[in-house]
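Please open the structure in a viewer and keep the sequence at hand. The tour below proceeds from the whole chain to selected residues.

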Amino acid sequence: MLIISGGMMNKETLERILETWDTMFPDAKCELTHSNPLELLIAVMLSAQTTDAAVNKVTPALFEAYHSAKDYACADINDLQRYIKRIGLYRNKAKNIQAMCQVLINDYQGVVPSVMEELIDLPGVGRKTANVVLADAFNIPGIAVDTHVTRIAKRLKFCYLKDNVGTIEKKLRKKIPQDRWIKSHHQMIFFGRYHCKAINPHCYECPLIDICREKNKKLKRN
Ligand code: SF4
């Protein structure tokens, strides 16, 4: 029995969860369209409180218009806003992107850093965004805790219900083998996005229902 802070999970249960995710979502990956670290960083910043699909609708024209940190930093803010106005909080996001790119120019020769401490120092960039960039742009293992990962970690008892995102990240990193962090992170997002949804999760066909904290709550079935 592996004892972790936040509860107990035996090794077999952990392996079963990981195997289930492998079976259900063997090709889980980042769904934000991007072709370099700067594009990914900007796409993740744009994805706050909206869907990846919504971001992917605005980024092709945005990435066509702006290529470098200098392009964003020197852009007319109204022009920049026009490209992203179809997604929520676009004024703030445009402001953060410009401020972030200005720091990239001032401190990093316009290049996105690949170090957590440097990324989270950038305006508008938190640990979740930094973890996504490190994992998907630089292949540096990390687990970004977003709304899906939080929900799944709680339902499958990786943590306590009261745990905050910082604690959840620590517990997931402690329990899941490091060489699986990037893969498991994407699989948790897919599991949350397409199966264990916030509302109307597919409990009726869930192979993990016996492990789940929600199993006795008569969750509404589709
Ligand atoms: Fe999610 Fe339902 Fe499965 Fe629990 S039983 S993990 S709530 S789909």
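Of the 222 residues of the chain, 48% count as buried. The model shown is a predicted one.

**The whole chain**

Begin with the entire chain displayed as a C-alpha trace. Along its principal axes, this trace spans about 55 × 35 × 30 Å. The radius of gyration of the chain is 19 Å, which agrees with the value near 17 Å that a compact globule of 222 residues would have.

Next, switch to a cartoon representation. The secondary structure comes to 11 helices and 2 strands. When the chain is read along the sequence, the pattern is β-β-α-α-α-α-α-α-α-α-α-α-α.

**The annotated domain**

Select residues 46–194. UniProt, in an unreviewed entry, lists this span as "domain: HhH-GPD". Helix makes up 66% of the span and strand 0%. The C-alpha atoms at the two ends of residues 46–194 lie 21 Å apart.

**A loop residue: D146**

Within the loop between α8 (127–138) and α9 (147–155), select D146. Is D146 buried or exposed? D146 is buried, because its relative accessible area is 16%, and the cut-off for buried is under 20%. Now add T129 to the selection. D146 and T129 are 17 residues apart along the chain, and their C-alpha atoms are separated by 9.2 Å.

**The four cysteines**

Move on to C196, C203, C206 and C212. The unreviewed UniProt entry places the feature "binding site" at these four positions. They are spread over 17 residues of sequence, yet they cluster in space, with a largest C-alpha distance of 10.6 Å. C196, C203, C206 and C212 also belong to the lining of the largest cavity.

Centre the view on C196, which lies in the segment after α11 (181–194). With a relative accessible area of 10%, C196 is therefore buried.

**The ligand and its surroundings**

Finally, display the ligand. Which cavity does the space taken by the ligand form? That space is the largest cavity, the one whose lining takes in C196, C203, C206 and C212.

How many residues surround the ligand? There are 12, and the closest are H195, C196, C203, C206 and C212. Colour this shell by residue class to see its composition: 8 of its residues are nonpolar, 2 are polar and 2 are charged.

Definitions and conventions: Residues are numbered from 1 along each chain as its sequence is written. This is a predicted model: local features need pLDDT of at least 70, side-chain atom pairs count only at pLDDT 80 or more; totals for chains, interfaces and linings use all residues. Side-chain values use heavy atoms; hydrogens and water are left out. UniProt positions are given in the numbering used here, feature names are shortened, and annotations may be inferred rather than shown by experiment. Helices (H or I, at least four residues) and strands (E, at least two) are DSSP runs, numbered from the N terminus. A residue is near a molecule or strand if one of its heavy atoms lies within 4 Å of it. On a 1 Å grid over the protein atoms alone, a cavity is a set of points where a 1.4 Å probe fits but cannot get out, and a pocket is an open set with protein on both sides within 12 Å along at least five of seven lines; lining residues have an atom within 4 Å of a point. A molecule sits in a cavity or pocket if more than half of its atoms lie within 2 Å of its grid points. Ala, Val, Leu, Ile, Met, Phe, Trp, Tyr, Cys and Pro count as nonpolar, Asp, Glu, Lys and Arg as charged, and the others, Gly among them, as polar. The radius of gyration is taken over C-alpha atoms; the globule rule is 2.2 Å times the number of residues to the power 0.38. Buried means under 20% relative accessible area, exposed over 50%, partly exposed in between (1.4 Å probe, protein chains only).
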